[in-house]
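Colleague: Please give me a close look at one part of this model: how its salt bridges are placed and what surrounds them. I am new to this, so take it slowly and explain each step.

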Amino acid sequence: MVQVTVTPRSSLADRPVQVKICGLSPSQLVTLRASLKDERGNTFQSHSFFRADGAGEVDPGLHASLGGSYTGLCPMGPFWFLQPNTLFRRLVKRDVAGSPFLVLLEVLDGISIATNPQEQPLASCEAERWYVAPGVRRVPIKEGRVRGALFVPP
């Protein structure tokens, strides 16, 4: 049974996580697709192609991506190389304190670039990427024409 895990599942957006796929056949070619919807409903995705090792495992921190959104060894590649499905969209987090970005990671058999609704992933999991740590207080700043926010740690 194929499994994909993110450790830790919930983390700050600037902290590294470990993505691991296990339960594959040795040398099996798979696509790791990461996707998220921003607060405006725009979809962002990355695709990376991997060949499983002899134990049937893939770890982007140990195994180089063979192609897709990036190539080479990049442990955070699925997150860092998210691209908009619609041109000229930017990934911006507006509600930094209230909710995380939910990144869906899916493992697909073989090389898959296009999003096909009929295509069933071998495994999937969701990671929470927060922009503000628990207990941090947001204080709006308004002084003349200056607008901003001060984030005060607990």
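**Salt bridges and their surroundings**

Modeller: Let's begin with Glu57, which is partly exposed because its relative accessible area of 26% lies between the 20% and 50% cut-offs. Keep in mind that we are looking at a predicted model. The partner of Glu57 is Lys20, and the two form a salt bridge in which the closest N and O atoms are 3.6 Å apart. This pair connects distant parts of the chain, 37 residues apart: Lys20 belongs to strand E3 (residues 18-22), while Glu57 is in the loop between strand E5 (43-51) and strand E6 (67-68). Lys20 has a relative accessible area of 32%, so this residue is partly exposed.

Now turn to a second pair. Glu106 forms a salt bridge with Arg33, and here the closest N and O atoms are 2.8 Å apart. Because Glu106 is in strand E8 (residues 101-109) and Arg33 is in strand E4 (residues 29-37), this bridge ties together parts that are 73 residues apart in sequence. What about the surface? Arg33 has a relative accessible area of 4%, so this residue is buried. Glu106 has a relative accessibility of 12%, so this residue also counts as buried, since the limit for that word is under 20%.

A third pair is Asp14 with Arg15, a salt bridge whose closest N and O atoms are 3.8 Å apart. Asp14 is exposed because its relative accessible area is 62%, a value over the 50% cut-off. Arg15, at 48% relative accessibility, counts as partly exposed. The three pairs described here are among the five salt bridges that the structure holds.

Let's stay with strand E4 for a moment, where you will also find Ser35. Is Ser35 buried or exposed? The relative accessible area of Ser35 is 12%, so Ser35 is buried. Setting aside residues up to four places away in sequence, Ser35 touches Phe44, Gln45, Leu82, Leu102, Val103 and Leu104. As you have just seen, the neighbouring story of Glu106 and Arg33 involves strands E8 and E4. Three residues touched by Ser35, namely Leu102, Val103 and Leu104, have numbers that fall within the 101-109 range of strand E8.

Another kind of link to look for is the disulfide, and the count here comes to zero. Cys22 is in no disulfide, and its nearest cysteine sulfur, that of Cys125, is 11 Å away. A disulfide would need the two sulfur atoms within 2.5 Å. The relative accessible area of Cys22 is 24%, so Cys22 is partly exposed, whereas Cys125 is buried, with a relative accessible area of 16%.

One last stop, away from the charged pairs, is Phe151 in strand E11 (residues 146-152). Phe151 has 36% relative accessibility, so this residue counts as partly exposed. Leaving out neighbours within four places in sequence, Phe151 is in contact with Val96, Val132, Val136, Arg137 and Arg138. From C-alpha to C-alpha, Phe151 and Val2 are 41 Å apart in space, with their positions 149 residues apart in sequence.

Terms used:
Residues are numbered from 1 along each chain as its sequence is written. This is a predicted model: local features need pLDDT of at least 70, side-chain atom pairs count only at pLDDT 80 or more; totals for chains, interfaces and linings use all residues. Side-chain values use heavy atoms; hydrogens and water are left out. Helices (H or I, at least four residues) and strands (E, at least two) are DSSP runs, numbered from the N terminus. Buried means under 20% relative accessible area, exposed over 50%, partly exposed in between (1.4 Å probe, protein chains only). Contact means heavy atoms within 4.5 Å. A salt bridge is a side-chain nitrogen of Lys or Arg within 4 Å of a carboxyl oxygen of Asp or Glu.
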